[in-house]
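Here is a brief report on a protein model and its ligands. Keep the structure open as you read.

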Amino acid sequence: MPGSRDVASGGALPYVPARGGIPALRRAAADCRGCSLYEDATQTVFGAGRARARLMLVGEQPGDQEDKAGEPFVGPAGHLLRKALGEAGIDEEQAYFTNAVKHFKFAPVTEGRKRRIHKAPNLRELTACRPWLAAEVRRVNPELLIALGATAGKSLLGNSFKVTESRGALLSLASGRDLPLAVDEEEGDGHRRLLATVHPSAVLRAKDREEAYGGLVSDLRVAARFLG
Ligand code: URA
Ligand code: SF4
């Protein structure tokens, strides 16, 4: 189609409906062409869970199994995350799950390999997809956001955010619900909070998996205490 590349480089904003709740967003996101990742992926994997959740968890992007199922966090990393949430005392049914980027990005498929190999989204793709995440944050309006890994942290708090420097800390956010959000050093009650931790896929890849898993659970316990 002539000019489709131009459309594909413009980001998600023109596709985001001004009205409607999460279901309306999800329907519109199915047709997003805001960057070129839609071309090779099976489908848009939009956020899922409670539309009025107190807790929103943000991952990086769907993986192989999420791409096929159309649901976030249903593969190995999702299983590990759900187990860790349970251990930390957080009811997953009360949460909303989403990703910084809504289409699966993968390396060229090679013969004989069953699972497609995930490729990290670049800054362009992260920026292109951010209007969806921003719209989810506005609609769900959670009290606590959990950034799972560096990509989620950068999408929520800007490109200079470093998960390693603040993981496990309950950060207060300045008012304003547009992304990137800003940390507010003054901890007023009623402030929205953000907690950054490792991505569950990083736990799966870790040399000492048990230790990495323990770290994730202990960060999630901080979130559980805040939620009460
Ligand atoms: N990893 C993510 O970041 N998100 C998913 O939905 C699955 C794996
Ligand atoms: Fe749209 Fe995001 Fe998919 Fe790119 S990755 S096409 S911006 S939904």
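## Ligand 1: site and shell

Ligand 1 sits in the largest pocket. The model is predicted, and so are the positions discussed here. Nine residues are named around this ligand by class: three nonpolar, four polar and two charged. The stretch Gly-59, Glu-60, Gln-61 and Pro-62 contributes to the surroundings of ligand 1. Glu-66, Pro-72, Phe-73, Asn-99 and His-199 are also there.

## Ligand 1: polar contacts

Which atoms of ligand 1 pair with Glu-60 and Phe-73? For Glu-60, the partner is an oxygen atom of ligand 1, which lies 2.8 Å from a backbone N or O atom of the residue. For Phe-73, an oxygen atom of the ligand is again involved, 2.9 Å from a polar backbone atom.

Asn-99 uses its side chain. A polar atom there lies 2.7 Å from a nitrogen atom of ligand 1. On its own, ligand 1 has 240 Å² of accessible area, and the protein covers 95% of it.

## Phe-73 and Pro-180

Phe-73 deserves a second look. This residue lies in the loop between helix H3 (64–69) and helix H4 (76–88). Its phi is positive, about 55 degrees, although Phe-73 is not a glycine. Most residues other than glycine have a negative phi, and most peptide bonds are trans.

Where is the cis peptide bond? It runs from Leu-179 to Pro-180, with omega near -5 degrees. Pro-180 belongs to the loop between strand E5 (170–172) and strand E6 (193–197).

## Ligand 2

Ligand 2 sits in the largest cavity. Its shell holds eight nonpolar residues, two polar ones and one charged. Three cysteines are part of it: Cys-32, Cys-35 and Cys-129. The aromatic side is given by Tyr-38 and Trp-132. Val-101, Lys-102 and His-103 follow one another around ligand 2. Ala-12, Gly-34 and Ala-128 complete the list.

## Overall fold

The protein has nine helices and six strands. Its C-alpha atoms fill a box of roughly 50 × 45 × 30 Å along the principal axes.

How does the radius of gyration compare with that of a compact globule? For 228 residues, a compact globule would have a value near 17 Å. The protein has 17 Å, so the two agree.

Technical notes: Residues numbered from 1 in each chain as written. Chains lettered and ligands numbered in written order. Predicted model: local features only at pLDDT ≥ 70, side-chain atom pairs only at ≥ 80, totals over all residues. Heavy atoms only, no water. Near = heavy atom within 4 Å. Polar contact = N/O pair within 3.5 Å; in protein donor to acceptor, adjacent residues only side chain to side chain. Areas by Shrake-Rupley, 256 points an atom, 1.4 Å probe, with all protein chains shown as cover. 1 Å grid on protein atoms, 1.4 Å probe; cavity = no way out; pocket = protein on both sides within 12 Å on 5 of 7 lines; lining within 4 Å. Sits in = over half its atoms within 2 Å of the grid points. Nonpolar A, V, L, I, M, F, W, Y, C, P; charged D, E, K, R; others polar. Helix = DSSP H or I, 4+ residues; strand = E, 2+ residues; numbered from the N terminus. Rg over C-alpha atoms; globule rule 2.2 N^0.38 Å.
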